[in-house]
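I opened this entry to keep track of what I looked up, item by item. The notes follow the order in which I checked things.

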Amino acid sequence: MCKRKWTDIGKYEEQIKKLREAGYAKREIAEKLGLEKSQIKNWIARENQRKRKAANGEPLRRKGRPMKETTEAELERLRMENKLLRDFLQFTERK
């Protein structure tokens, strides 16, 4: 198999787990799946970190900026604002 630069390694998670349990080395796993050794090494490190956090009861946080929570009152205010703007545009005969 030829080696690829970028791969969605999520597709290979189950295979990697099975090969690790069977006692294969990182290099052997990479060769069998056609991936880079560093990809396997990084995936194993991330998986170990997830397991460690789960064992300690820490929440698994998503990367990036947290989503903004919108309340019902804010949604209602935005709906009213949209309605007022639509009415204003109709009143001025613009669309």
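Helix α4. I looked up its extent in this predicted model: α4 covers residues 72–91, 20 residues in total. From its first C-alpha to its last I get 28 Å, close to the 28 Å expected at 1.5 Å a residue. Just after α4, I noted that Glu 93 has a positive phi of about 60°.

Core. Which residues make up the largest nonpolar core? I listed eleven: Ile 9, Tyr 12, Ile 16, Leu 19, Ile 29, Ala 30, Leu 33, Leu 35, Ile 40, Trp 43 and Ile 44. Two or more of these residues come from each of α1 (13–21), α2 (26–33) and α3 (37–56). As background, nonpolar side chains tend to be buried together in soluble globular proteins.

Leu 19. I took this core member next and placed Leu 19 in helix α1. Is Leu 19 buried or exposed? Its relative accessible area is 15%, so I recorded Leu 19 as buried, the cut-off being under 20%. Leaving aside neighbours within four places in sequence, I found Leu 19 in contact with Tyr 24, Ile 29, Lys 32 and Leu 33. I also checked Leu 19 against Leu 85, 66 residues apart along the chain, and their C-alpha atoms are separated by 61 Å.

Ala 30. For this other core member I applied the same sequence filter. Leaving aside neighbours within four places, Ala 30 is in contact with Leu 35, Glu 36, Lys 37 and Ile 40.

Glu 47. I located Glu 47 in helix α3. Its relative accessibility is 10%, so I entered Glu 47 as buried. Lys 17 is 30 residues apart from Glu 47 along the chain, and I have 9.9 Å between their C-alpha atoms.

Gln 15. This residue is in helix α1. I put Gln 15 down as partly exposed because its relative accessibility is 38%, between the 20% and 50% limits. The C-alpha atoms of Gln 15 and Arg 61 are separated by 25 Å, with these positions 46 residues apart in numbering.

Pocket. How much space lies in the largest pocket? I have about 350 Å³. Its lining consists of Arg 46, Gln 49, Arg 50, Lys 53, Leu 60, Arg 61, Arg 62 and Lys 63. I sorted the lining residues by class and got six charged, one polar and one nonpolar. Arg 61, used above for the distance to Gln 15, is one of the lining residues.

Technical notes. Residues numbered from 1 in each chain as written. Predicted model: local features only at pLDDT ≥ 70, side-chain atom pairs only at ≥ 80, totals over all residues. Heavy atoms only, no water. 1 Å grid on protein atoms, 1.4 Å probe; cavity = no way out; pocket = protein on both sides within 12 Å on 5 of 7 lines; lining within 4 Å. Points joined across faces, edges and corners; volume = space filled by probe spheres on them. Nonpolar A, V, L, I, M, F, W, Y, C, P; charged D, E, K, R; others polar. Core = buried A, V, L, I, M, F, W, Y, C linked by side-chain atoms within 4.5 Å. Buried < 20%, exposed > 50% of the residue type's maximum accessible area, 1.4 Å probe, protein only. Helix = DSSP H or I, 4+ residues; strand = E, 2+ residues; numbered from the N terminus. Contact = heavy atoms within 4.5 Å. Expected span 1.5 Å × (residues − 1).
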